[in-house]
Amino acid sequence: MSGSSVRAVGWARSLPLNSGVKAARDWARDHLESLGWTRSAPQTVDAVLLTISELVTNAHVHAHSSAQLVLTWDTRCLHVAVHDTSAHLPTPRPPSDQRVGGRGMLLVDALADDWQAQPCTHGKVVHACFTPPAHATETDGS
């Protein structure tokens, strides 16, 4: 080993079907505040919160499942992961004036620096990564 260590901080929350998406956003905002991002990277915070809204909504509406939300900050990237019980992997669909919904993954694709969906035991995990502006990481306690 090179003597380097990995530093990360993380939080997890279960969001049952009867919980609102607002609960997920409020919970995540509190943790982003603890990193100092609401002051130093408000646009990144907005992108993270909108992504969380979309992913938790997808778990509740399309998978008919509770959502397991995990946030992990590893000093380079904020990882947002949402697990649900559906094996169906999401894909961005072209916008259509014939559908009311269906734009969520297009938003995630536009907002996140990277995202992917992976099948796993008992469903899938959708993972998005957000890298804050350089000035935001200078005051986050890392």
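# Exercises on strands, a helix and a disulfide

In this predicted model, the residue of β2 that serves as bridge partner of Leu 15 is Ala 67. The exercises below start from that pairing.

**Exercise 1.** Work out in which sense β1 and β2 pair, and over how many bridges.

*Solution.* Begin with individual partners: besides the pairing of Leu 15 with Ala 67 in β2, Gly 10 lies opposite Thr 72 of that strand. Taking the two strands as a whole, β1 and β2 (residues 67-73) are antiparallel to each other and are joined by seven bridges.

**Exercise 2.** Extend the picture from β2 to the whole sheet, and state which strands stand at the edges.

*Solution.* On the side of β3, Gln 68 has His 83 as its bridge partner, and β2 and β3 pair in the antiparallel sense over six bridges. The hairpin that these strands form has four residues between them, and Thr 75 adopts a positive phi there, near 75°. Continuing across, one obtains an open sheet of five strands in the order β1-β2-β3-β5-β4, with antiparallel pairing. The edge positions belong to β1 (9-15) and β4, each of which has a single partner strand, so one side of each lacks a neighbour in the sheet. From one strand to the next, the twist averages 15°. Helix α3 packs on this sheet, where it touches β1, β2, β3 (78-84) and β5, and its direction makes about 10° with that of β3.

**Exercise 3.** Decide which side chains of β2 are buried, and how they are arranged along the strand.

*Solution.* Reading along β2, the side chains alternate between two faces. Ala 67, Leu 69, Leu 71 and Trp 73 point to one face and are buried, whereas Gln 68, Val 70 and Thr 72 point to the other face and are not buried.

**Exercise 4.** Explain why the buried residues of α4 lie on the same side of the helix.

*Solution.* First list them: in α4 (residues 104-111), Gly 104, Met 105 and Val 108 are the buried residues. Because they cover an arc of only 90° around the axis, they are placed on the same side of α4. The general background is that an α-helix has 3.6 residues a turn, so residues three or four places apart point the same way. As for what covers the buried residues of α4, the elements include α3 (42-61), β4 (114-120) and β5 (123-130).

**Exercise 5.** Find which cysteines form a disulfide, and determine whether Cys 77, Cys 129 and Cys 120 are buried or partly exposed.

*Solution.* With a cut-off of 2.5 Å between cysteine sulfur atoms, the count is one disulfide, and it joins Cys 77 to Cys 129 with an S to S distance of 1.6 Å. The two residues are 52 residues apart and link distant parts of the chain, since Cys 77 sits in the loop between β2 and β3 while Cys 129 belongs to strand β5. For accessibility, the step to apply is that buried means under 20% relative accessible area. Cys 77, at 6%, is therefore buried, and Cys 129, at 13%, is buried as well, whereas Cys 120, at 32%, is partly exposed.

**Exercise 6.** Place these details within the protein as a whole: how many helices and strands does the protein have, and what share of its residues is buried?

*Solution.* The secondary structure comprises four helices and five strands, and from the N terminus the elements follow the order β-α-α-α-β-β-α-β-β. Of the 142 residues in the protein, 41% are buried. Among contacts with a separation of 6 or more, 61% are between residues 24 or more positions apart. The protein exposes about 7900 Å², of which carbon and sulfur atoms supply 54%.

Terms used. Residues are numbered from 1 along each chain as its sequence is written. This is a predicted model: local features need pLDDT of at least 70, side-chain atom pairs count only at pLDDT 80 or more; totals for chains, interfaces and linings use all residues. Side-chain values use heavy atoms; hydrogens and water are left out. Buried means under 20% relative accessible area, exposed over 50%, partly exposed in between (1.4 Å probe, protein chains only). The arc is that of the directions from the helix axis to the C-beta atoms. Contact means heavy atoms within 4.5 Å. Two strands pair if DSSP finds at least two bridges between them. Axes are lines fitted to C-alpha atoms, for helices over the stretch in contact, and angles run from 0 to 180 degrees between N-to-C directions. Accessible areas come from the Shrake-Rupley method with a 1.4 Å probe; for residues, only the protein chains shown count as cover.
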